[in-house]
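Open the model in your viewer and show side chains as sticks. The stops below give a selection each time, followed by what is found there.

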Amino acid sequence: DVYKRQAINYAIDKEKMNQTLTNGRGKVLYTHFTPVLEKYYNTDVEGAFEYDPEKAKEYLEKAGYPDGLDVTLYTVAEATVDQDMATLMVEDLQAVGINVTHEPLPWNTYYEQVYTTADFDMELINIVGYPDPSRVLSRYASDSSTGPGLENPEYDELLERARQSADEAEVIECYKKMQQILVDEAPCIFTVDPGVSVVLSEKYQGYEAFPFAFTNLATVEYK
């Protein structure tokens, strides 16, 4: 139910999460797309689902849960940051009447329950960033095997157009529209992009940080 998903989004204080978990160094997310990919990023989605507990309660009532509901939240037990994030989420959700049982699972068990059988109410996972918008947004295609997927023909059509078009303006437009669909459909709670923090010994120079799962040691030199 989209109202239920929207209610959960309004209930989460993402700015508090950013300040608590990254000391404010991260960026609050409004869709499944990082602002780092500036050319493709849809700035119109910013401000979506700003923290609003009263609106969360209103949407819960629209969804048919005027007295709240009970859910279980699964996390990967080995990921310590996820446990901290889950604690903050549980506090926010319980404040609007969503009673959450937080259950950390070992990765193998988590993978089987979440990705193989899809047997869960809510799950929390960190997603690796990539510089390719298609790879990022394809998680929500209806035939996706790596993400939640959406039964949304418009989304699928936009993804296919973006992949095939040689017109950069059309490609950018498609990716921006897809980000808006993710806001409208609210399939997930998009929380925080923590960025990359690196500690480098003063003995070395030339290290360049990338906001993705990539490290280039070719530029690093010993002083």
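Select Asn152 first: leaving out residues up to four places away in sequence, Asn152 touches Ile181 and Glu185, where contact means heavy atoms within 4.5 Å. The model is a predicted one, in which local features need pLDDT of at least 70, side-chain atom pairs count only at pLDDT 80 or more, and totals for chains, interfaces and linings use all residues. Residues are numbered from 1 along each chain as its sequence is written, and side-chain values use heavy atoms, with hydrogens and water left out.

Stay on Asn152, which sits in the loop between H6 and H7. Helices (H or I, at least four residues) and strands (E, at least two) are DSSP runs numbered from the N terminus. Is Asn152 buried or exposed? Asn152 counts as buried because its relative accessibility is 11%; buried means under 20% relative accessible area, exposed over 50%, and partly exposed in between (1.4 Å probe, protein chains only). A polar atom of the Asn152 side chain lies 2.9 Å from the backbone nitrogen of Tyr155.

Next, select Tyr155 together with Leu93 and Ile98. Within the largest nonpolar core, which has 53 residues, these three touch the most other members. A nonpolar core is a set of buried Ala, Val, Leu, Ile, Met, Phe, Trp, Tyr and Cys residues joined through side-chain atoms within 4.5 Å. Elements that each supply at least two residues of this core include helix H1 (2–11), strand E2 (69–76), helix H4 (80–95), strand E3 (98–105) and helix H8 (168–185). H8 gives the most, with eight residues.

Now centre on Leu93. Apart from neighbours within four places in sequence, Leu93 is in contact with Ile8, Ala11, Ile12, Ile98, Val100 and Met122. Another core lies apart from the largest one and has five residues, including Tyr74, Leu105, Tyr110 and Val114.

Move to Leu60, in helix H3. Leu60 counts as buried, because its relative accessibility is 2%. Outside its neighbours within four places in sequence, Leu60 is in contact with Ala7, Tyr65, Pro66, Leu69, Val96 and Ile98. Add Thr34 to the selection: Leu60 and Thr34 are 26 residues apart in sequence and 28 Å apart in space, C-alpha to C-alpha.

Select H1. Its buried residues are Gln6, Ala7, Ile8, Asn9, Tyr10 and Ala11. The cover over them includes helix H2 (14–22), H3, H4, E3, strand E4 (122–123) and H8. At the N-terminal end of H1, Asp1 acts as a cap, with a side-chain oxygen 2.8 Å from the backbone nitrogen of Tyr3.

Finally, show the strands. What is the strand order of the open sheet? The three strands run E3-E2-E4, with parallel pairing; two strands pair if DSSP finds at least two bridges between them. E3 and E4 are the edge strands, each pairing on one side only. In E2, seven of the eight residues are buried. Eight bridges join E2 to E3, and two join E2 to E4. Pick Leu73, which stands opposite His102 in E3 and has Met122 as its bridge partner in E4. Add H4, which lies across E2, E3 and E4 and runs at about 165 degrees to E3; axes are lines fitted to C-alpha atoms, for helices over the stretch in contact, and angles run from 0 to 180 degrees between N-to-C directions.

How values were computed: Polar contact = N/O pair within 3.5 Å; in protein donor to acceptor, adjacent residues only side chain to side chain.
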